[in-house]
Amino acid sequence: MTRDDIKEEFGVTCPHWEPCDCLVDGADFMADEILKLRTAIERVRALHERETRTSRFGSIVWHLCPRCRDDGGDPLEHPCPTLRALDGEDA
Ligand SMILES: [Zn+2]
Ligand SMILES: [Zn+2]
């Protein structure tokens with residue numbers, strides 16, 4: 001994903017062929033910020049990617065977060081509070 005993709009997505013591309021001042025400076029800044037935030041979110045998501053564990057006889061499947069632990073040091077269920085917070089839900 002690039003700055004231009006973001007500007008396209010938010011409909012803030014300059015419609016003029018000739019160089020001009022309309023929106024463009026602000027739009028570039030905004031697009032760069034959105035790009036940065038999205039990249040950061042992707043990094044966090046990658047760190048908290050779902051881990052699947054199966055019990056010895058395969059009868060139980062757990063979806064766990066490889067990073068988050070409860071107070072006793074056990075892995076937390078996926079999606080973990082970190083991911084839920086990213087999705088805008090209360091942890
Ligand atoms: Zn323009
Ligand atoms: Zn987690």
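This text goes through the two domains of a predicted model, the boundary between them, and a zinc site.

The domain assignment divides the protein into domain 1, residues 1-47, and domain 2, residues 49-91. Taken over C-alpha atoms, the centres of domain 1 and domain 2 lie 33 Å apart.

The two domains touch: 5 residues of domain 1 are in contact with 7 residues of domain 2. Between them an area of about 560 Å² is buried, and carbon and sulfur atoms give 56% of that area. On the side of domain 1, Val44, Arg45 and Leu47 supply 81% of the area buried against domain 2, more than any other three residues.

Polar interactions also occur at this boundary. There are 4 residue pairs in polar contact between domain 1 and domain 2, counting pairs with both residues at pLDDT 80 or more. By class, the side of domain 1 that touches domain 2 has 4 nonpolar residues, 1 charged residue and no polar ones. The count of salt bridges between the two domains is 1. Arginine 45 and aspartate 87 form a salt bridge through their side chains, with 2.8 Å from N to O.

The zinc ion (ligand 2) is coordinated by four residues: His48 through ND1, and Cys65, Cys68 and Cys80 through SG. These donors lie at 2.0 to 2.3 Å. Along the chain they follow the spacing H-x16-C-x2-C-x11-C. What is the geometry of the site of the zinc ion (ligand 2)? The site is tetrahedral, with angles of 101 to 115° among its 4 donor atoms. For four tetrahedral donors, the ideal angle at a metal is 109.5 degrees.

Definitions and conventions: Residues numbered from 1 in each chain as written. Chains lettered and ligands numbered in written order. Predicted model: local features only at pLDDT ≥ 70, side-chain atom pairs only at ≥ 80, totals over all residues. Heavy atoms only, no water. Domains from an automatic or database assignment. Contact = heavy atoms within 4.5 Å. Buried area = accessible area lost by both parts, 1.4 Å probe. Salt bridge = Lys/Arg side-chain N within 4 Å of Asp/Glu carboxyl O. Polar contact = N/O pair within 3.5 Å; in protein donor to acceptor, adjacent residues only side chain to side chain. Nonpolar A, V, L, I, M, F, W, Y, C, P; charged D, E, K, R; others polar. Donors = N, O, S within 2.8 Å, 3.2 Å for Na, K, Ca; no water. Tetrahedral: all angles 85-135°; square planar, octahedral: opposite > 155°, others 65-115°.
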